[in-house]
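Biologist: Let us go through this model together. Keep it brisk, and show the reasoning.

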Amino acid sequence: AQKESYFSFQYGGMDPDPTGSWTWLCIGSPIPTLAPHGPGEWNGLASLLSSHNMATSYVLNIVPQDNAAKSPQVHLTFLKQATGSDIFRGVYHAHLLYHAYT
């Protein structure tokens, strides 16, 4: 078997935060942050996913910062049916999204 890794969950050096935390990642964001244009946006996303037979256990949204020197915020929220694998997958996808944007 071959071990594969993409980044360390212990690494906190992506931002110069003295606590070593990931300042770009917000976990557990409320629905208005994930769907800022109201319930219709949230319902549209849910129907789009179900029409393509796609199940999801987490939702991601990226919020650009007004100041170009600040990194964007990635909001990640896990739904009730999320498993341990979904948590790893969600953080991985948040990491990819952050680096694709920066």
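Modeller: Two strands pair if DSSP finds at least two bridges between them. This is a predicted model.

Biologist: In which sense do S1 and S3 pair?
Modeller: S1 and S3 share 3 bridges. Leu-25 stands opposite Val-74 in S3. The sense of the S1 and S3 pairing is parallel.

Biologist: Over how many bridges do S2 and S3 pair?
Modeller: S2 covers residues 58–63 and runs antiparallel to S3. Val-63 has Gln-73 in S3 as its bridge partner. The bridges between S2 and S3 number 6.

Biologist: How many of the 6 residues of strand S3 are buried?
Modeller: Buried means under 20% relative accessible area. Strand S3 spans residues 73–78 and is largely enclosed by the rest of the structure. The reason is the buried count in S3, which is 5 of the 6 residues.

Biologist: Which residue forms a salt bridge with Asp-86?
Modeller: The structure holds 1 salt bridge. Its two residues lie 3 residues apart in helix H3, about one turn of the helix. The closest N and O atoms are 3.0 Å apart, and the partner of Asp-86 is Arg-89.

Biologist: Is Asp-86 buried or exposed?
Modeller: The limit for buried is under 20% relative accessible area. Asp-86 has a value of 10%. Arg-89, at 40%, is partly exposed. Asp-86 therefore counts as buried.

Biologist: Over which residues is the pLDDT below 50?
Modeller: The protein averages a pLDDT of 74, and 72% of the residues score at least 70. One stretch falls below 50, though it has 21 contacts in the model beyond near neighbours in sequence. Where pLDDT is low, predicted coordinates should not be read in detail. The stretch is residues 7–16.

Notes. Residues numbered from 1 in each chain as written. Predicted model: local features only at pLDDT ≥ 70, side-chain atom pairs only at ≥ 80, totals over all residues. Heavy atoms only, no water. Salt bridge = Lys/Arg side-chain N within 4 Å of Asp/Glu carboxyl O. Helix = DSSP H or I, 4+ residues; strand = E, 2+ residues; numbered from the N terminus. Buried < 20%, exposed > 50% of the residue type's maximum accessible area, 1.4 Å probe, protein only. pLDDT = per-residue confidence, 0-100. Contact = heavy atoms within 4.5 Å.
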